[in-house]
Amino acid sequence: MRFLFNGRIRTLNSNTPFASAVAIQDGKIVAVGNDVEIQSIAKSTSGGENLDGRTVWPGLADAHIHLQYFAESLDFINCETPSLHETIRRVADRASVTPAGKWIRGHGWNQNLWPGGFGHAFDLDVVAADQPVYLTAKSWHAAWVNSYALKMAGINSETPDPHGGIIQRDAAGQPTGILLESAMALVERCIPAATAEEIGQKILKAQSILWQYGLIGVHDFDGAPCFDALQLLQGRELLKLRVLKGIPLAELQNAIGLGLRSGFGNDFLRIGSVKCFSDGALGPRTAAMLDPYEGESAYAGELLMTEDEIVEVGRQAVEHGLSLAIHAIGDRANRTVLNAYTRIRAHEKQAGLAPLRHRIEHVQVLHLQDLNRLAALGIIASVQPIHATSDMKMADRHWGKRSAGAYAFRTLATNGTAMAFGSDAPVESPNPFLGLYAAVTRRRTDGEPGLNGWYPDQRLTLAEAVSRFTTGPAFAACQEKHLGRISPGYFADLIVLDRDPFLLPLEEIHTVKPLATMIGGEWVWDKRG
């Protein structure tokens, strides 16, 4: 048995909300209390570890991340720049050290921030004529490629738009190099696939970065190659991050055939929900809206699955013990998903099935009439608070007054909606303290849009926000009896912080840094010095 003492421990256990010491055995917490109590329990153990009065929280979890993409993006060009010119300059720098014919990858551009809007294949051709270039947008729902990549993919003026995707074209009908939604796959399939071993090595690098942010677990929504890599790491006892692994819709029949169910697995790798996409994203304006985008007479985004299609998939999934996690950004997409969930809930009841913990991923804008429907149906809102402040200007530009129902965390909480917070990394940084800051201030770190924040009535308290990064993801993973609290019987997943966020002005929360991260009673990362 080991024990930690002289700490400022916030337990998130309402019976013992604060403590100074904790006893740990076999990777789990066995007792929580004051120094005297815990030293008495651990009397057979010599010494103990002095926390030096530092703040200790339960480990945080990211309820929506793309683990493989995040790991791979660490080696990509950072295209999150204030100008198209700067992105092109960075591509030129990478091209100068990349052999001819080898792929150049980048991520993070956002045409909404560039005065001229989208780039063109020709812009990239000037600096990278001999290498194929593939740059994903910040939303990850669009890509910008050069002529070399278009040629490799066989995309020309006669190539039809794929189902659920758009090949952007100029006035003459020629591809511009901008690919939206499923059209991205036309080029992606030309990129050499990494092996499970290669992906695993990148995930190991990402894992240590996530520990430094105070993350002890993630809900991952990448594909089968990521799952293969995670299993390799797990088999070698190198996976020290609790991963809830989503199943892509394309793998549903394989999962059913294998008899996989949500919750199957072990303490570090478990099966999560079947991931579906009902629409696109705000950035490229492919999110499905009930009414046209601001300034448009007819265009209202792309609905990728009908209500009937979702219900059919849902019936198959729930009959085999698999919950659903459905991406929905626009108000039309969210309404469509909620209508489908209403029918799926009815099917669960009629078939005598236990109601599963279904989710909507993002829930970015709801029609005001739909704000109470998630709670009524028992659907989890898996949301990313950092999206609210990152997207606020785009939301106002493209959605106008409809933004009153966007990122409506306070309204959802007041209605009793279960919420789990995440980052959507690599779309955003996986640093949860940025998410906490966004949730409680509705401001960017530079202070925009002002003291009260964007739609300030939707702010949460810090305690509410912290719970959505701890007990919220635990509930979504059906692990609320083991994760998210510092309490007897729970995993000894703890983080030590450089300051107590509850004693800081709200504007400083995003500057808080973890000093150490413990997972299963082991310090996996420790920089306390």
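Which residue in strand 24 is the bridge partner of I519? Select strand 24 and look for E522, which is the bridge partner of I519. Keep that pair on screen while we set the ground rules.

This is a predicted model, where local features need pLDDT of at least 70 and side-chain atom pairs count only at pLDDT 80 or more, while totals for chains, interfaces and linings use all residues. Residues are numbered from 1 along each chain as its sequence is written, and side-chain values use heavy atoms, with hydrogens and water left out.

**Stop 1: the hairpin and its sheet**

Helices and strands here are DSSP runs numbered from the N terminus (H or I with at least four residues for a helix, E with at least two for a strand). Select residues 514-519 for strand 23, then add 522-526 for strand 24. Strand 23 and strand 24 pair in the antiparallel sense over four bridges; to count as paired, two strands need at least two bridges found by DSSP. Two residues sit between the strands of this hairpin, and G520 takes a positive phi near 60° there.

Now colour strand 23 by accessibility. Six of its six residues are buried, where buried means under 20% relative accessible area, exposed means over 50%, and partly exposed is in between (1.4 Å probe, protein chains only). On to strand 22, residues 494-497, which pairs with strand 23 in the antiparallel sense over four bridges. L494 stands opposite M518 of strand 23.

Zoom out to get the whole sheet: six strands in the order 3-2-7-22-23-24, open, with mixed pairing. Strand 3 (18-19) and strand 24 stand at the edges with a single partner strand each, so one side of each has no neighbour in the sheet. If you show side chains, remember that in a regular strand they alternate between the two faces of the sheet.

**Stop 2: strand 3 and G7**

Go to the strand 3 edge. Strand 2 and strand 3 pair in the antiparallel sense over two bridges, and I9 has A19 of strand 3 as its bridge partner.

Next, select G7, in the loop between strand 1 (2-5) and strand 2 (8-10). Is G7 buried or exposed? G7 is buried, at a relative accessible area of 10%. Beyond its neighbours within four places in sequence, G7 is in contact with A19, S20, L51, G53 and R54, contact being heavy atoms within 4.5 Å. Draw a distance from G7 to E49 as well: their C-alpha atoms are 42 residues apart along the chain and separated by 9.9 Å.

**Stop 3: the four-strand sheet**

The next sheet is also open, with four strands in the order 5-4-1-6 and mixed pairing. Its edge strands are strand 5 (28-33) and strand 6 (49-50), each pairing on one side only. Select strand 4, residues 21-25, and you'll find five bridges to strand 5 in the antiparallel sense. One pair to label is A23 with its bridge partner A31 in strand 5.

**Stop 4: an exposed loop residue**

Jump to E158, in the loop between helix 5 (147-153) and strand 13 (165-169). E158 is exposed, with a relative accessible area of 72%. From E158 to G173, 15 residues apart in sequence, the C-alpha to C-alpha distance is 8.5 Å.

**Stop 5: helix 7 on helix 8**

Select 196-212 and 224-235. The axes of helix 7 and helix 8 come within 8 Å and cross at roughly 70°; axes are lines fitted to C-alpha atoms over the stretch in contact, with angles from 0 to 180 degrees between N-to-C directions. The two helices are therefore roughly perpendicular to each other (under 35 degrees is roughly parallel, over 145 roughly antiparallel, 65 to 115 roughly perpendicular, the rest oblique). The contact includes I199, I203 and L204 of helix 7 and L230, L232 and L233 of helix 8.

**Stop 6: strand 17**

Finish at residues 269-277, strand 17, where eight of the nine residues are buried. Strand 16 (residues 242-248) pairs with strand 17 in the parallel sense over five bridges. Which residue stands opposite V243 in strand 17? Label L269, the residue opposite V243.
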